Every structure is written in C-alpha cells, then in structure tokens.
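Dear colleague,

I am handing over the structure we spoke about, and you will find it just below. After it I have set out what was found, taking one region after another.

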Amino acid sequence: MQNDLTKRLGIEFPIFAFTHCRDVVAAVSNAGGLGVLGAVGYTPEQLAVELDWIDAHVGDHPYGVDIVIPMKYEGMGELDAEKLEDDLRDMIPQGHRDFVHELLDSHGVPSLPEDQKAPELIGWTEATAGPQIEIALTHPKVKLIANALGTPPAEIVAEIQSTGRLVGALCGAAKQALSHKEAGLDFVIAQGTEGGGHTGDVGSVVLWPEVIDAVAPLPVLAAGGIGTGRQMAAAMAMGAAGVWTGSLWLTVEEAETPPAQQAELLAATSRDTVRSRSWTGKPCRMLRSDWTEAWEAPDNPKPLGMPLQFMVTGEAVARTAKYADQSKGVMFNPVGQIVGRMNRIRKSRDVILEMVEEYVDAVERLGRGLSGDA
Ligand SMILES: Cc1cc2nc3c(=O)[nH]c(=O)nc-3n(C[C@H](O)[C@H](O)[C@H](O)COP(=O)(O)O)c2cc1C
C-alpha cells in the first residue's frame with residue numbers, strides 16, 4: 001500500500017482521517033494512517049494545547065492540521081483586518097439573530113451561561129487562519145497542512161513548503177483542482193458530493209477520475225463517501241493516491257461527539273442528509289433536521305454568506321452541543337451519506353485495520369477475476 005505520498009509522509013497506509021478530536025488524530029496516526037486535526041473551531045491558544053497533547057500521544061508518528069481559508073467570503077479584500085469582526089457584525093440583520101433564538105427556544109434548548117459564549121468569528125478567513133498556521137508550524141510532527149474551500153494564498157503555500165511540510169487543499173470540481181495545481185500545492189483532495197461538511201454537487205465516482213486526470217501526476221486523495229475497504233479499492237483503482245475520510249470518525253470510541261448526537265448518527269440512513277447553507281453560509285452536507293427545514297421555508301430568513309452566517313449560528317452550535325440531550329432537531333450535525341453504514345461504535349484502530357483488510361480482499365478478488373480464477 002506504499003506510494004510516493006505515503007513514503008514522503010512516513011505512514012503505513014494511505015488512509016487520512018479528518019476529525020475535530022485530538023484523541024482520534026492520535027489513534028489514527030498510531031494505527032498507521034494519518035490523523036488530521038480540523039483547526040477551524042480553535043483559537044490559536046487552544047490549538048497549541050491540542051497539538052501539544054497530540055505530540056505527547058502520537059509517538060514518532062506524523063499527523064496533519066486542516067485550516068479553512070475560503071477563496072471568497074463576505075467583505076473579503078474590502079474590510080480592514082483590524083476591525084474585521086466589528087465590520088462583519090454590522091452586516092448581520094437582527095432578524096437573523098432573532099430567528100435563531102426563536103428556533104432554539106421553541107425546541108426547549110436552554111440558554112448558554114453568559115461566561116460560556118464562544119467568540120463569534122472563528123477561523124473562516126485568512127486573518128483568523130494565519131495564526132493557526134503559525135502554531136501548526138511550531139509542531140515538528142505536523143507533516144501536512146490541508147485547506148478547505150479554496151486555494152491557499154501564495155505566501156502561505158510558500159511558508160508551509162519552506163519548512164519541508166506538504167500542503168494540499170480540498171476541491172469539488174476539476175477547475176478548483178487545476179487552480180491548486182497552478183499554485184504549486186503538493187496534493188489535492190477531491191471530495192464528491194456524498195461527503196460530510198462543505199461539499200460540491202458532483203458525485204465521487206464521476207469527480208475522482210476527472211480530477212485525477214486533470215492534475216496528473218499530482219497525487220489526489222479521494223474523499224466523499226468512503227467508509228469501507230471496497231470503497232477505498234474503487235478509489236485506488238481510479239488512480240487515487242489515498243483516501244481522505246471524515247464522517248467515519250464521528251462514531252468511533254475515541255470521538256468526543258455528544259452521546260445524543262452520536263445516537264442520531266448511528267440511527268440515520270444514507271438518505272437522511274441534505275446539503276444546506278443554514279449553518280455556515282456555504283453548502284455543507286449534514287443530517288436533515290427541523291433546523292435545515294426551517295431555513296428552507298419561504299417566509300423565513302435566508303442564510304447569509306460565509307462568515308456571517310456562522311457569526312449568527314455559532315452560539316447555537318455551542319448551545320446545542322452543551323445541551324445535546326435537549327436539542328433534538330436543531331443540532332449542527334455535519335455528516336456524509338456514508339452515515340447509513342455507521343451503525344456501531346468501533347475503535348479508530350479497528351476502523352483502519354478493517355478497511356485495510358477489506359481493501360486487500362477486494363484487490364485480491366479483482367486479481368483472481370483477471371487471472372480467471374474467480
Ligand atoms: C463533521 C465534519 C466537519 C468537517 N469540517 C471540515 C473542515 O473544517 N475542514 C475541511 O477541510 N473539511 C471538513 N470536513 C470534510 C472532511 O475533511 C472530508 O473531506 C469529508 O468528511 C470526506 O467525506 P466523508 O464525510 O464521506 O468521509 C468535515 C466533515 C465532517 C463530517
């Protein structure tokens with residue numbers, strides 16, 4: 001299962017695991033894959049604490065950090081970085097804030113204590129992601145940095161590469177992948193619409209070979225809908241250099257997903273997700289809920305652009321996560337269509353090993369077919 005990318009990273013299996021949970025990052029890297037910590041929700045100070053913890057629990061294994069610098073966001077290039085948060089706040093209609101409060105109140109979600117209100121503007125902009133990268137670069141076991149929602153700015157690409165680390169980015173279309181290649185990125189992650197979180201509208205089976213052919217010989221990691229070794233084998237058969245997974249890690253034993261949220265995930269079928277702009281302002285795949293339906297209703301407010309929408313909804317994320325037992329129908333629950341196969345809680349290590357085993361079986365089965373021994 002070794003290829004150029006696994007050798008450059010020093011990992012055993014080309015399995016990449018995006019997660020917001022440090023325990024999962026460490027467990028995946030210790031099992032021979034590469035755990036990647038999603039940094040978007042962390043302040044630089046919190047991120048430093050998380051990365052120090054991972055360093056202490058990952059032995060000599062490498063891991064990655066994921067940041068979010070969108071190509072386009074509200075006020076981009078127009079607003080003064082010093083006053084960014086205040087100026088963005090002025091762009092939010094009060095009706096949107098009232099709507100969120102009414103929605104949560106009507107579902108009986110308790111309010112957050114005053115001292116637990118989260119910062120409104122999290123790492124969705126270059127200004128907020130920059131300090132996160134600085135922190136990541138002070139941690140030597142961080143060998144890879146990935147960016148969501150666009151090609152990272154040239155100076156950031158150069159800074160990361162000058163330290164010997166690899167930098168890549170997600171894409172949902174061949175055009176975006178070509179822009180990543182032109183910017184000199186080391187790899188591309190092609191995420192089909194099935195995937196959890198921000199996602200485009202082209203399915204994986206169509207998207208992966210399109211991107212692989214467009215950027216060859218740049219390595220492409222296949223993402224979107226991968227939960228088993230057979231799906232991994234399909235991606236590798238199309239020429240992917242590895243698989244990038246996200247949803248799967250929400251229901252592992254090490255995940256900090258609140259039990260009420262985990263229960264919804266375990267019960268959901270592959271038809272229970274929807275692409276909705278209702279939490280972040282950009283299309284994001286998540287479980288369909290009263291919340292997503294409410295933002296679709298014709299008379300209700302329409303989602304704002306990024307990062308404004310999350311400035312409205314961020315408090316609701318914190319509030320429903322804290323009171324998950326009382327937040328049925330209004331929780332932020334991003335996940336992909338593979339949720340239909342996420343029916344039991346497993347250890348991260350077992351997820352990796354079962355995927356590898358099934359991958360090997362699938363490849364052997366195809367090999368037997370070719371030699372006529374099937
Ligand atoms: C809960 C959740 C949050 C996500 N947040 C991010 C993020 O902050 N940055 C990012 O690059 N990708 C994010 N993603 C997308 C993953 O990196 C990955 O591309 C995707 O989950 C792959 O598809 P899958 O869910 O079918 O495995 C998220 C996915 C999930 C499920």
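In helix α11, which covers residues 259–267, the buried residues are Ala-260, Gln-261, Gln-262 and Leu-265, and the buried residues of this helix pack against β11 (284–287). Please keep in mind throughout that this is a predicted model.

The loop between β9 (242–245) and α11 holds Ser-247, a residue that is buried, with a relative accessible area of 9%. Not counting residues up to four places away in sequence, Ser-247 touches Gly-196, Val-335, Gly-336, Ile-338 and Met-342.

Turning to the nonpolar cores, the largest has 43 residues, of which Ile-15, Val-211, Trp-249 and Ile-352 touch the most other members. Two or more residues are given to this core by each of β1 (15–19), α2 (22–30), β6 (187–191), α9 (204–215), β8 (220–223), α10 (229–237) and α14 (348–371), and the largest share, six residues, comes from α14. A second core, separate from that one, has 26 residues, including Leu-51, Val-58, Ile-145 and Ala-169. As general background, nonpolar side chains in soluble globular proteins tend to be buried together.

Within the largest core, Val-211 may be a useful residue to look at, as one of those that touch the most other members. Leaving aside neighbours within four places in sequence, Val-211 is in contact with Cys-171, Ala-173, Ala-174, Ala-177, Val-188, Ala-190 and Val-220.

Next comes a pair of helices, α2 and α14, whose axes come within 8 Å and cross at roughly 40°, which means that α2 is oblique to α14. The crossing in which α2 passes α14 is right-handed. On the α2 side, Val-24, Ala-27, Val-28 and Asn-30 meet Ser-348, Arg-349 and Ile-352 of α14, and the residues of this contact divide into four nonpolar, two polar and one charged. Ile-352, which takes part in this contact, is also one of the residues that touch the most other members of the largest core.

Finally, there is a charged residue to examine, Glu-50, which is found in helix α3 (residues 44–57). Is Glu-50 buried or exposed? Glu-50 has a relative accessibility of 14% and therefore counts as buried, the cut-off for that being under 20%. Apart from neighbours within four places in sequence, Glu-50 is in contact with Arg-22, Leu-37 and Tyr-42.

With best wishes

Technical notes. Residues are numbered from 1 along each chain as its sequence is written. This is a predicted model: local features need pLDDT of at least 70, side-chain atom pairs count only at pLDDT 80 or more; totals for chains, interfaces and linings use all residues. Side-chain values use heavy atoms; hydrogens and water are left out. A nonpolar core is a set of buried Ala, Val, Leu, Ile, Met, Phe, Trp, Tyr and Cys residues joined through side-chain atoms within 4.5 Å. Buried means under 20% relative accessible area, exposed over 50%, partly exposed in between (1.4 Å probe, protein chains only). Helices (H or I, at least four residues) and strands (E, at least two) are DSSP runs, numbered from the N terminus. Contact means heavy atoms within 4.5 Å. Axes are lines fitted to C-alpha atoms, for helices over the stretch in contact, and angles run from 0 to 180 degrees between N-to-C directions. Angles under 35 degrees count as roughly parallel, over 145 as roughly antiparallel, 65 to 115 as roughly perpendicular and the rest as oblique. A crossing is left-handed if the near helix is turned anticlockwise from the far one by less than a right angle, and right-handed if clockwise. Ala, Val, Leu, Ile, Met, Phe, Trp, Tyr, Cys and Pro count as nonpolar, Asp, Glu, Lys and Arg as charged, and the others, Gly among them, as polar.
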